Amino acid sequence: MLKLLGRWLKIYEDEISLFFWVLVILFLIRTSSILFNNFAETAFLKRYGVEYLPIVNVANSISTFFVMAFLTGLMAKIPGSRMLSYMLLFCGISVAGLRFVVPLGFDLIYPVLYVLKAQYEVLLALLFWNLANDLFNTRQSKRLFPLITAGGVMGGIIGSFATPPLAKAITMNNLMFAYLITTVIGAIVVRRMGAKFPTLLLSDKKGKKAKKRASIIQEFKNILPLIKESTLVKVLILLTLLPNVVIPILNYQFAYTVNNAFATQDLMLSFFGYFRGCMNTVSLIILLFVGRVYGRWGLPIVLMFHPFNYMLVFLAFLLRFDIFSAMYARVSTNVLRTTMNNPARAVLMGLFPLDYRAMIRPFLRGTVVRIGILLGSGIIMASEGLFSPRYLSIAAMVFVGGWIATSLALKKSYSQRSEEHTSELQSH
């Protein structure tokens, strides 16, 4: 049966066993993350208040810088498989420990949980894909990573649909213990996989020199010559900055409308569970056909889908600020981001030589993303008490307009610049 499934999925016989171990790990990570996400978001909105969401986003963005710096140091010293199993245990135990704090009535725990759910999801994903890159070479990753990603989406579907009935069975607060159980199972699977494939993880066990993370000023100094020399670098910076300005605005409008639509936390938790389950199902179906989209329309056109949809989303919020606009906004933007925009941007990054990628990727994911989130959150905080959140759409549409213009500029120059770009950088 496994051999037949492997042939259908284009997985070679010697890869099948490892592939399924890795698939199960990502499935468990996504299942646990969605359970915690549904609980933490509901508890924050109903027990603390949607008006504090911009401040929490700023705190989350700032904390990411310190957490990533700390994690980078640990990853240089601890093998990837062991690091992932330790982090799964730490995440589960810390959340379960906070379960005992909830009855004490400290309201501050809810923004803490909201930040933790965002941090833990990013950290576990980073550690997982770092381990996957150690286990599979480049050719294997091109074939297997989309299938592994689909396994993660399946975990999101199961975790989402399981949230409402599980909350009824064990109470909402005890979802924190459910998170502990899934993360512990994930840690056990990681350790078992390490025992089953010890030779593949030998490179993990070699000591590595810890690399100190560059400061923001140093990152700017390193990237400035590339910005001056390369049009593609400028395009990538704008394609990273502008979306991260509007994402906090969209998240705030979504949370505001959902909070108004559902009077109780039980109704809101049920909504998040079933809504995200359906959304992940749509993503899974589209993942099966996304390769044909790239082949039919090409990379620059695919990169345009996302900003044009954001313009429609903010227009919908401006004209009809309710749960239906919120549902369309979340489904369309998440599906397009997961299935088209992120893979297309990864392909665009592949146009750079390896040495330049090592400089550009941390700058984009770290500094540029943080600047965008802080700017977007600042716009929301500046608007507090001045006008309804629906009119934030006007400010967001200005940035989306810049995003569309950048995508059009990329389309215009892509065909002539993509061939010249590598030689341009190599001669620099």
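Here are four short exercises with worked solutions on a predicted model.

Residues are numbered from 1 along each chain as its sequence is written, and side-chain values use heavy atoms, with hydrogens and water left out. As the model is predicted, local features need pLDDT of at least 70 and side-chain atom pairs count only at pLDDT 80 or more, while totals for chains, interfaces and linings use all residues.

**Exercise 1. Find which residues line the second largest cavity.**

Step 1: On a 1 Å grid over the protein atoms alone, a cavity is a set of points where a 1.4 Å probe fits but cannot get out, and lining residues have an atom within 4 Å of a point.
Step 2: There are two cavities of 30 Å³ or more. The second largest holds about 40 Å³, a volume being the space filled by probe spheres set on the points, which are joined across faces, edges and corners.
Step 3: Its lining is S33, F36, N37, K117, Y120, E121 and Y179. Two or more of these residues come from each of α2 (16-47) and α5 (109-135); helices are DSSP runs of H or I, at least four residues, numbered from the N terminus.

**Exercise 2. Describe the lining of the second largest pocket by class.**

Step 1: A pocket is an open set of points with protein on both sides within 12 Å along at least five of seven lines. This one holds about 210 Å³.
Step 2: Of its 13 lining residues, V67, F70, M87, F90 and L123 are the closest to the centre.
Step 3: Sort the lining with Ala, Val, Leu, Ile, Met, Phe, Trp, Tyr, Cys and Pro as nonpolar, Asp, Glu, Lys and Arg as charged, and the others, Gly among them, as polar. The result is twelve nonpolar, one polar and no charged.

**Exercise 3. Classify the ring pair of F271 and F272.**

Step 1: Rings of Phe, Tyr and Trp (its six-membered ring) pair if their centres lie within 6.5 Å; planes under 30 degrees apart are stacked, over 60 edge-to-face, the rest tilted. The model has 19 aromatic pairs.
Step 2: F271 and F272 lie 5.7 Å apart, centre to centre, with 50° between the planes, and the pair is tilted.
Step 3: Ring pairs also link these two with F254, F262 and F275 in a cluster.

**Exercise 4. Locate the charge over the face of F254.**

Step 1: Look for NZ of Lys or CZ of Arg within 6 Å of the ring centre and within 35 degrees of the ring normal.
Step 2: R330 fits, at 4.1 Å from the ring centre of F254.
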